[in-house]
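Here is a walk through a two-chain model, taken piece by piece. Have the structure open and turn it as you read.

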Amino acid sequence: MIAGRLLKISDRGVLVTLAVILIIAILVPVLHLLVPPESAFHIPAYAMALIGKYLCYAMLALSLDLIWGYCGILSLGHGAFFALGGYAMGMYLMRQIGSRGVYGNAELPDFMVFLNWTELPWYWHGFDSFAFAMFMVLFVPGVLAFLFGFFAFRSRVSGVHLSIITQALTFALMLAFFRNDMGFGGNNGLTDFKDILGFNLQASGTRTALFIATCLALGASLLLCLAITRSRLGVVLTAIRDAESRTRFLGYRVEAFKLFAFTVSACIAGVAGALYVPQVGIINPGEFAPANSIEAVVWTAIGGRGTLFGPILGAVLVNFAKSWFTSALPELWLFALGGLFLAVTLFLPKGLAGLFDRKAAGGRRAVPAAQPEAAE
Amino acid sequence: MLLAVALATMLTIALMVTHAMAADLATEIKSLDTSNFAQKEKAIAAIAATGDARVAAVLTALNDNKLLIRKADRLVVIAEGKGNVKIENAATGEALGEAAEADLDRIAINNKIRRQIKVILGGLTLFSDDPAVRLKAADDLFRSRDLSSLQPLKDALAKEQDPQVRQAMMEALAALTLVSDAPEAEKLAAVLTVKARGDQDAIALLSSVAQGSDAVARAATEALTSLEWARSFWDSLQNAVYGLSLGSVLLLAAIGLAITFGVMGVINMAHGEMVMIGAYVTFLVQEVIRGAAPDLLDQSLFIAVPLAFLVTALIGIAIERSIIRFLYGRPLETLLATWGLSLILQQAIRSLFGPTNREVSTPSWMSGSLELGALTLTANRLAIIVFALLVFVGLLLLLRHSRFGLEMRAVTQNRQMASAMGIHTARVDALTFGLGSGIAGIAGVALSQIDNVSPNLGQSYIIDSFMVVVFGGVGNLWGTLVAALTLGIANKFLEPFAGAVLGKILVLVFIILFIQKRPRGLFALKGRAVEA
């Protein structure tokens, strides 16, 4: 019924994107599992993992779009939520290794044995359970975002200041996770995963299942964001983006709305990170690097913020370009990425989605031109 | 042991008394040719008693098993090398050519003799003609606390004229007294002498004496406490200096950022790259000077500072004219665009100069260090503190007392009103951006002296600079100064007990919390302009 209502509100971009995700979710596994490896249409395991990775990034970009494109909050630290979700998943996967580690210690992960630790730190307890780990994937980023947002929005930290302290947040977390004493594997992070829910992570079947799960999660996040942005709540969010003070004067609790969007967005980012880790096979503190978060912002900007399908498009395209550039012309990649930043901000303020929008005459304006709420 | 002490004492007295008797060194050396160790000891004592200039050489050779006897004529020689050895007459030092090892007999010694030799040699260095050698001997004695040297030390002290060496000997004597079985009163006095010395060795000695419960141990504990206090005082002072130096680096890196942010509301993510370019300008200037006029190398920084300012200011103005001015009123987009720019600049420098560190030399007047009490101030740190303050004062004067400064402040406070009053705001923006970038450039010259000049140089400072800016608030340079120094000092004071990384995390968390309390920083600009 809800789906029916959603479909009624026709958003061609979102519908097309959902259809494409569905097709990919079916087509890629079929081409991977059923087409023989000799065939030109066969998709090898690494390529499927790569596409899965792009889709995880797409979820991260989508989560950013929810707060930036619809609520005007530019987070330069969203990679932190992504990485925290990833670490929660990584901890579960570490516990699944059991006694198959290099040191063969059933109680402790290898890196703890290496550090001469004798017992599991308290915060590692419970991660033997998949359900608990999945709960933490949502809970840890959600709580951090809630607390951070609660204080930040209540004291009306906004605009550039907010962007900078989100950057400080992820930078501080990066430094913290680099420390061996934190108990998260320090520099090397968590890796050498063996299996998930008892299935071997290297097996084609497991990889395919993970891939389909990623597609489903992306589709579900897209529907969730659609539901939020098309509800009355979403209208208020857009109002906050366009004129925060005016919305406040109309009687809305701006902080509460922002906090809601920020927390939901962090949870989506956490799920994206959790799906990312088993497909990539490693999570390390580098994921917290401020540069990663800023890059994610650029996927969103390139795709077109304020539309739900734009960021997905942007994330996939930019990462595809990155994969191609870094293997073919590694020294040119930073020029290309930097050029993209400039080109998009200068010439395509609505991103790629804006191009479609321009063609569809009479279509809704995706992003109103910049807000001159900038005297701050 | 006691026997050895007694013997050594005897020996040295003999050494002193018989100094003038000029016994024949050759004869005494000859008497080493015996298999009886007791006789050897006597012979060694007699050798020492001759007071001959070659005593040290002979005894050292004996200790090192290099004193041998030629089988043919039973002459005692000093041998050097292996296989075919070069030999010389032990008594005269006259070279005797080469000899096969098989033709030589070793003079065997035992541990007792080794101790005896050590004491004699120690005594000899205490009586050396060179004050530096005497000083070192006394200091060594303070550390080794070898009781067998007590008597020679006392004798040497009685003769000593040089006040510095005398002081060192008194301290060594006090150290020996503390480990000997001297009466309590003497030991208490010794504790005071050692305390007055107050360095790491003194602390080590006192803590070894402080065990126990007698009056001496109590006095030592007391002295130790006061020394520890003094040390922690100097440590804090040293930390404060380190913090000040880090703070002035932050000030240099952040102050340009604060200006552009204050005036234009623009966060320039490429600011770090301006710093990096400034450092590379320094490198290039030095390269050119090295080729053209090597004598000027010491003055290279004086050329690099204005040049770096000029280059980065021009780049800044170009950036403002070509990119930033199209993005006014969209601060978040500006942030992204400048980030993209920073990636391009980094990669450009990497392509031009390679990814590795470039070497920038430090002028001779900036190397070396200054000692103030227990405080070490390295000249380059000191120079950077002074330089940062100069830049700060210069900017302050520019903003207060120039037409441009006036216009800049007007635009900061109220852009529309300033424009209405006839201020050409676009020009002010371009010049402000140029100024901010130029200051980043001269910050780069300073940083090239203490950090690696690599394409990533700017990245390592950019987040800290942001922290300084949001902590200090914009629109007031004093805010930047206070914030930079506070953060620098806080970092360095947290380091000793939290570790460098955790200290940094604590500072970041503190700033994140602080922003909640004062969203616009320490020195926020007041007035209606800030509330949009």
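## A small hairpin in chain B

Let's begin with a pair of strands in chain B: β6 (residues 369–372) and β7 (residues 375–378) run antiparallel and are joined by 4 bridges. To find the register, look for E371(B), whose bridge partner in β7(B) is T376(B).

Together β6(B) and β7(B) make a hairpin, with 2 residues between the strands. One of the turn residues to click on is G373(B), which has a positive phi of about 60 degrees. Keep in mind throughout that this is a predicted model.

## The open sheet of chain B

Chain B also has an open sheet of 5 strands, paired antiparallel in the order β4-β3-β2-β1-β5. Which strands stand at the edges? They are β4 (95–100) and β5 (104–106) of chain B; each has a single partner strand, so one side of each is left without a neighbour in the sheet. On average, neighbouring strands of this sheet are turned by 45 degrees against each other, if you ignore direction.

Further in, take β1 (residues 67–70) and β2 (residues 75–80) of chain B, an antiparallel pair held by 4 bridges. A handy landmark here is I69(B), which has V76(B) in β2(B) as its bridge partner. As for side chains, in a regular strand they alternate between the two faces of the sheet.

## Overall build of the two chains

Chain A contains 15 helices and 4 strands. Its radius of gyration is 21 Å, close to the 21 Å that the globule rule gives for 376 residues, so chain A is as compact as a globular protein of that length. Along the principal axes, the C-alpha atoms of chain A fill a box of roughly 65 × 55 × 50 Å.

Chain B has 21 helices and 7 strands. Here the radius of gyration is 35 Å, well over the 24 Å that the globule rule gives for 532 residues, so chain B is more spread out than a compact globule. You can see that in the C-alpha trace of chain B, which spans about 110 × 60 × 35 Å along its principal axes.

## Where the chains meet

How many residues does each chain put into the contact? Chain A gives 44 residues and chain B gives 39 residues. On the chain A side, α6 (130–154), α7 (159–178), α12 (290–303) and α14 (333–347) each supply at least two residues. The largest share of that side, 14 residues, comes from α7(A). By class, the residues of chain A that touch chain B divide into 30 nonpolar, 9 polar and 5 charged.

Now zoom in on α7(A) against helix α19 (residues 459–472) of chain B: these two pack at an angle of about 135 degrees, with their axes 10 Å apart. That angle is outside the ranges for roughly parallel (under 35 degrees), roughly antiparallel (over 145) and roughly perpendicular (65 to 115), and therefore α7(A) and α19(B) are oblique to each other. Their crossing is left-handed. From α7(A) the contact uses H161(A), I164(A), I165(A), Q167(A), A168(A) and F171(A), and from α19(B) it uses I463(B), F466(B), M467(B) and V470(B). In this contact 8 residues are nonpolar, 2 are polar and none is charged.

## Two helix pairs within the chains

Inside chain A, α12(A) packs on α14(A) at about 45 degrees, with the axes 10 Å apart. That makes α12(A) oblique to α14(A), and the crossing is left-handed. V298(A), A301(A) and I302(A) of α12(A) make the contact with L340(A), F341(A), V344(A) and T345(A) of α14(A). This contact has 6 nonpolar residues, 1 polar and no charged.

In chain B, the axes of α20 (residues 477–498) and α21 (residues 500–517) come within 7 Å and cross at roughly 135 degrees. The two are therefore oblique to each other, with a right-handed crossing. L487(B), A490(B), N491(B), L494(B), E495(B) and A498(B) of α20(B) meet A500(B), L502(B), G503(B), K504(B), L506(B) and V507(B) of α21(B). Sorted by class, that contact has 8 nonpolar, 2 polar and 2 charged residues.

Note on methods: Residues numbered from 1 in each chain as written. Chains lettered and ligands numbered in written order. Predicted model: local features only at pLDDT ≥ 70, side-chain atom pairs only at ≥ 80, totals over all residues. Contact = placed C-beta atoms within 7 Å. Nonpolar A, V, L, I, M, F, W, Y, C, P; charged D, E, K, R; others polar. Axes fitted to C-alpha atoms, helices over the stretch in contact; angles between N-to-C directions. Left-handed = near helix turned anticlockwise from the far one by under 90°. Pairing = 2+ DSSP bridges. Rg over C-alpha atoms; globule rule 2.2 N^0.38 Å.
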